[in-house]
Amino acid sequence: MRVCVIGTGYVGLVTGACLAHIGHHVICVDNNEEKVKLMKAGQSPIFEPGLTEIMHSAMQAGTLEFTTDIGGGVAHGEILFIAVGTPPLPTGESDTRYVEAVARSIGAHLDGGYKVIVNKSTVPIGSGDWVRMIVLDGIVERQKVLVGAGGGEVTTLESVPAFDVVSNPEFLREGCAVYDTFNPDRIVLGGSSSKAIAMMQELYAPIIERQYAEDKSLPPVPVLATDISSAEMIKYAANAFLATKISFINEVANICDRVGADVTQVAKGIGLDSRIGNKFLQAGIGWGGSCFPKDVSALIHTADDYGYDTHLLKAAVSVNQRQRLIAVEKLQQVLKILKGKTVGLLGLTFKPDTDDMRDAPALNLIEHLNRLGAKVKAYDPIVAQSGMRHGLTGVLVETDPERLADGCDALVLVTDWQQFRNLDYNKMASLMTNPVMIDGRNYLDREALQQAGFYYVGVGR
């Protein structure tokens, strides 16, 4: 099928590359010329395991192209994905101006055959009808220009190009996005047109049938076809539930710290209950990134718009904000005064296998440690590898873990990168002024750290 993906962030680029990999002809559109030039050269502007390889194979097969020409992309695609960012505003609501600009531009270039316009961006509930209205506005504006050029005037549309809007929320985990695309738990399609839903099912057929799955023997991927508003709500509800589950186990961890229980054992015990499950029960220093904070805030804001006070969701956010600073509290308990001390952060990104620093807990730690007079150093595999600084201030980014440990009074594990399990902690301990490890993810081997000479402190342990 012919596909156009507008926006090449984490969602758009992964979606476009993976659809091209399974045989569709995909044109990815972005208004950033330098970014497009980079992608045309076969380089991914983001770090995502497996993505560069997928891009290369699809480009060599001639199924993946990149352009700044949205008109060409719209003309090419039977299915048009809107995959631009919807960052949070200070009020908590989503900033939809990029979605609006794309929808208007689609309308301005819409001509010819039937199109399915897909909301892949996480948009406020009710955005399906809103996007349809904006597309129609773009069509009207284009026809006014065309008629005006001929000396006439248009007030009504005599022939509107045929299109439908579908909501197709993404459930990709950064760091596992390519895997998640080919091995989804479910595919959600929201729309009122049976034709549009059928085209989307045809688009995803190879994935639904597990042709590219890690385990091809599994039954077909469940496809939930629903109305647009419900599809939009599913995305928000899923992320809000997962965020709340993490905040819950962090609340339990803080109680464990006080009563002498071990939250890792508690999580294992409750996770064996099939009604609860063991995922997202890892206590630590809280959730971050681009999705959970934004989506929970947007859902709270939507509820406020309709006169409902979301006590549980607000509590989940409050617990998470406090949890960001639990590592600082533990440093104070061990080192007492932090002024004049040197603290090293193991990891900067909000999670492993990504270069994403959006709303990362490390940023809060750096800010508060600076305020308390501590010198802050950090090491992150991706930041060190790429040289990206993400505009970081108040922190010295080191090039390897041993340089990080040198002269530190304590280390804090912030991001659970797999390689952090196997560092030379004996040597790192010998380089430190005080070999203290605050394991902010309960990720490291406590006994191994203690044998290496570290004073180990976990969360809820």
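# Exercises on a predicted model

A polar contact of 3.2 Å links the side chains of Asp295 and Lys294. The structure is a predicted model, and the exercises below start from this pair of residues.

## Exercise 1: Placing Asp295

Find which helix holds Asp295, and decide whether Asp295 counts as buried or exposed.

*Solution.*
- Step 1. Go to helix H11, which is where Asp295 sits.
- Step 2. Look at its accessibility: Asp295 has 0% relative accessibility, so it counts as buried. The cut-off for buried is under 20% relative accessible area.
- Step 3. Add the contact from the opening: the side chain of Asp295 meets that of Lys294 at 3.2 Å.

## Exercise 2: The second largest pocket

Work out which helices each supply at least two residues to the lining of the second largest pocket, and describe the lining by class.

*Solution.*
- Step 1. Begin with the space itself, which comes to about 970 Å³. The lining has 41 residues, and the closest to the pocket centre are Gly9, Ala83, Val84, Gly85 and Thr86.
- Step 2. Now turn to the helices. H1 (10–21), H5 (97–109) and H11 (292–305) each give at least two lining residues.
- Step 3. Sort the lining by class: 19 residues are nonpolar, 13 are polar and 9 are charged.

## Exercise 3: The enclosed space

How many cavities of 30 Å³ or more does the structure hold, and which helix gives the most to the lining of the largest cavity?

*Solution.*
- Step 1. The count of cavities of 30 Å³ or more is 1. The largest cavity has a volume of about 50 Å³.
- Step 2. Walk round its wall: the largest cavity is lined by Asn119, Ser121, Thr122, Val123, Ser167, Pro169, Ala231, Glu232 and Lys235.
- Step 3. Helix H9 (residues 228–259) contributes the most to this lining, with 3 residues.
- Step 4. By class, the cavity lining has 3 nonpolar, 4 polar and 2 charged residues.

## Exercise 4: Ordering a sheet

Write the order of the strands in the open sheet of 6 strands, and explain why one side of S11 and one side of S14 have no neighbour in the sheet.

*Solution.*
- Step 1. The order is S11-S10-S9-S12-S13-S14, with parallel pairing.
- Step 2. S11 and S14 (455–457) stand at the edges with a single partner strand each, so one side of each is left without a neighbour in the sheet.
- Step 3. Check the S14 edge. S14 is joined to S13 (residues 436–439) by 3 bridges, and the two run parallel. Val436 has Tyr455 in S14 as its bridge partner.
- Step 4. Check the S11 edge. S10 and S11 (residues 396–397) run parallel and share 2 bridges, with Ala378 partnered by Val397 in S11.

## Exercise 5: The surroundings of S10

Explain why strand S10 is largely enclosed by the rest of the structure, and name the helix that forms a β-α-β unit with S9 and S10.

*Solution.*
- Step 1. S10 spans residues 375–379, and 4 of its 5 residues are buried, so the strand is largely enclosed by the rest of the structure.
- Step 2. S9 (residues 342–346) runs parallel to S10, and 5 bridges join the pair. Leu346 stands opposite Tyr379 in S10.
- Step 3. The helix is H14 (residues 361–371), and the β-α-β unit it makes with S9 and S10 is right-handed.

## Exercise 6: Both ends of H2

Identify the residue that caps the N-terminal end of H2 and the residue just after H2 that takes a positive phi.

*Solution.*
- Step 1. Asn32 is the cap of H2 (residues 33–40), with a side-chain oxygen 3.1 Å from the backbone nitrogen of Glu34.
- Step 2. Just after the helix comes Gly42, whose positive phi is about 85°.

Technical notes
Residues numbered from 1 in each chain as written. Predicted model: local features only at pLDDT ≥ 70, side-chain atom pairs only at ≥ 80, totals over all residues. Heavy atoms only, no water. Buried < 20%, exposed > 50% of the residue type's maximum accessible area, 1.4 Å probe, protein only. Helix = DSSP H or I, 4+ residues; strand = E, 2+ residues; numbered from the N terminus. Pairing = 2+ DSSP bridges. Right-handed = clockwise from strand over helix to strand, strands pointing away. 1 Å grid on protein atoms, 1.4 Å probe; cavity = no way out; pocket = protein on both sides within 12 Å on 5 of 7 lines; lining within 4 Å. Points joined across faces, edges and corners; volume = space filled by probe spheres on them. Nonpolar A, V, L, I, M, F, W, Y, C, P; charged D, E, K, R; others polar. Polar contact = N/O pair within 3.5 Å; in protein donor to acceptor, adjacent residues only side chain to side chain.
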